[in-house]
Amino acid sequence: MADSEKKKSIDKASLEMLEKACGDNVSLAFDRAAVMKPCPIGEVGNCCIMCSMGPCRVPLPKGRKETPEDKRKRRGVCGATAETIAARNFVRKIAAGTAAHSDHGRAVSELFLATAKGQAPGYEIRDEQKLMQVALDFGVEIGERTIEEIAVDVGNKAMAEFGRQEGELLFLKKAPLKRQEIWRKEGVAPRGIDREVVEAMHRTSAGVDQEYHNLMRQGVRASLADGWGGSMIATELQDILFGTPTPVLGQINLGVLKDNEVNIVIHGHEPLLSEMLAAAAQDKDIIKLAKEKGASGINLAGMCCTANEILMRHGIPLAGNFMQQELALVTGAVDAMVVDVQCIMESLPDIAQCYHTKLITTSAKAMMPGAMHIEFDEHKAMESAKEVLRVAIDNFPRRGTNVAIPKQKTDLIAGFSHETVNYLLGGLFRSSYRPLNDNIINGRIRGVAGVVGCNNARVGHNEAHIAMVKELIKNDVLVLQTGCSAMASAMAGLMVPEAAAKYAGAGLASVCEAVGIPPVLHMGSCVDNSRILIAATAMVKDGGLGDDISDLPVAGAGPEWMSEKAIAIGQYFVASGVYTVFGVTWPTTGSQELTDLLFKEFEDIYGAMWDFEPDAVKAANLMIAHIDKKRKALGIDKARDRVLYDMEMRRELEAV
Ligand code: SF4
Ligand code: MSK
């Protein structure tokens, strides 16, 4: 294999499939990225397409510093400055990301309400305890009322959050009080989720908001409507409907596909249909049908965030992350790939045609030329799921001989919801984050990092995630993960308890060994970044680490980001007080002023800022430096110097 091929991924299974694709004459995103170079003007936010007098390009002068004269001339036809253009582009990314997560939250709310009203057969309220918690958050009366009555009110309140015209989103109250005050002082506490997305689109259209600070205020407001609104609603209601995740053993990588079973890859984001597919795959008649067609059974495997959702709750194996969706088809062993919404490559129908795979779209919001469409109907969910499975089963005998399933698959433990972490750390009767805070204060754990986000065809698949996570845990930083980033770590064997002794620093390893957790915790899908916000809030509330998220020794990162959703996530991390560093490329460097606002001034306003560092190890060290800065401000920096693990300390840890 040529060196250029090896650089495309650090994962052996993926490299094998890259080679097979080459032999099969199949073009992949990896190949197209090599040919399609990014536009250097658009990449840094210097291209405006907001009206038909453009597109207007306002690039920085090449090879020299910008002069005042350059600055005067760097304007679009309407006079828009580089600052306005870059800020409008950035805010639109946030609005799109917020819309994606929140429309997912809306779909979950609709199903939740239908379930509560008894109109969605097959679904039920699984976590009554969490229903009560959310009822309290939403101010819904509990009293002597039935579960269904409470659930209907919770569902209606959730739906109302999208169209709320006045006041603030109800979940904002879950944040530390000091953080809520910052949002109110800055005027960025979001009203309705839809309202903030609409206002972001309005303000960024031609000839409206022309002051980049003011534009970014709306960007922040929209991002908070995602993290503490749409995403949090999605996570909380999914937990009530499908069960709050608890630790579960799973497996990951293309090696989870089976040569003798009907392989169905479920790809996308919303777990509404996939939950029902998981149930339908157990149906006796469906299994019988598969056997009649010569298969030994049905093998469901996940891809991207749908994978994370069904892994967290059912232990269903993961075939891979974003850059492996095409590679799964290249195995020739996928009888059907079922997609819903988000992160689905338009190349899939062409690749599916090169093999025997049936590509099935299921959402009215996302159709693809060349794919079969079986629309998911929540009122007849089981029927929709069985129809999908029958198509896959019927297709199994058509599997050709051009099949190669890589051997690689890795064990992982997932299911670290906020509730699970609370319980694991504190036990059933005293569940709390106290032991985590204590171990941060005594220095065994240096800090906590949220490493999240996508893969990106412009950089080696999984390379930055793994380099960053290894550097962090080596330095005693506990890592929380979601999305494709979590899947990268799982593939590299970092999500099993044994990884602590192998990769973590002595302090973190000793805590992981005592509690029995991996040094890298899988918290779920992209909408489940809301779990990280709740975990950070719980750390603040448990005391000893300041009175706001921005006081905590924590940091966030998206080392291989590609989606607009990642920008929305990063922005709500920052606006919630978490220093956040992204890799690959940064979309505002075409405006020094806007970049300074995000990378410097935000620290004064929100107590946290964005940063950009494409070298993952350097980025990890920026995060560690930030964590150390926060430790120093809390007066706990000396504790780390004193950490020596004598027998007494180990016994004390084991008692945790
Ligand atoms: Fe050009 Fe202004 Fe139109 Fe943007 S809004 S394309 S800068 S004329
Ligand atoms: S799937 S948004 S590539 S993490 Fe959530 Fe992965 Fe990014 Fe999609």
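Start in helix 10 (residues 193–203) and select arginine 203 and glutamate 199: they sit four residues apart, so about one helical turn separates them. This is a predicted model. Show the side chains, and a salt bridge appears between arginine 203 and glutamate 199, at 3.1 Å from N to O. Both arginine 203 and glutamate 199 are buried.

**Next stop: a link between helices**

Select arginine 313 and aspartate 239. Their side chains form a salt bridge, 2.7 Å from N to O. This pair ties distant parts of the chain together: arginine 313 belongs to helix 14 (residues 304–314), aspartate 239 to helix 11 (residues 212–242), and the two positions lie 74 residues apart in numbering. Arginine 313 is buried, as is aspartate 239.

Now widen the selection. Arginine 313 and aspartate 239 belong to a network of salt bridges. Add Lys130, Asp137, Lys174, Glu236, Glu309, Glu419, Asp528 and Arg531 to display the rest of that network. For the overall count, a search of the whole structure gives 44 salt bridges.

**Then: lysine 258 and glutamate 261**

Pick lysine 258 and glutamate 261. They form a salt bridge, with 4.0 Å between the closest N and O atoms. Check burial for each partner. Lysine 258 has 33% relative accessibility, so it counts as partly exposed. Glutamate 261 has a relative accessible area of 15%, and therefore counts as buried.

**On to glutamate 83**

Move to helix 6 (residues 82–116) and select glutamate 83. Its relative accessibility is 8%, so glutamate 83 is classed as buried. Turn on the side chain of lysine 71 as well: the side chains of glutamate 83 and lysine 71 make a polar contact at 3.3 Å. Then bring up the other contacts. Setting aside neighbours within four places in sequence, glutamate 83 touches Tyr212, Ser591, Glu593 and Leu594 in addition to Lys71.

**Last stop: ligand 1**

Centre the view on ligand 1 and show the residues around it. Cysteines in this shell are Cys48, Cys51, Cys56 and Cys78. Met50 and Met53 are there too, along with Gly54 and Gly76. Val77, Ala80, Arg88 and Ala206 complete the set. Colour the shell by residue class: nine residues are nonpolar, two are polar and one is charged.

Notes: Residues are numbered from 1 along each chain as its sequence is written. Chains are lettered from A and ligands numbered from 1 in the order in which they are written. This is a predicted model: local features need pLDDT of at least 70, side-chain atom pairs count only at pLDDT 80 or more; totals for chains, interfaces and linings use all residues. Side-chain values use heavy atoms; hydrogens and water are left out. Buried means under 20% relative accessible area, exposed over 50%, partly exposed in between (1.4 Å probe, protein chains only). A polar contact is a pair of N or O atoms within 3.5 Å; within protein, one must be able to donate a hydrogen and the other to accept it, and residues adjacent in sequence count only if both atoms are side-chain atoms. Contact means heavy atoms within 4.5 Å. A residue is near a molecule or strand if one of its heavy atoms lies within 4 Å of it. Ala, Val, Leu, Ile, Met, Phe, Trp, Tyr, Cys and Pro count as nonpolar, Asp, Glu, Lys and Arg as charged, and the others, Gly among them, as polar.
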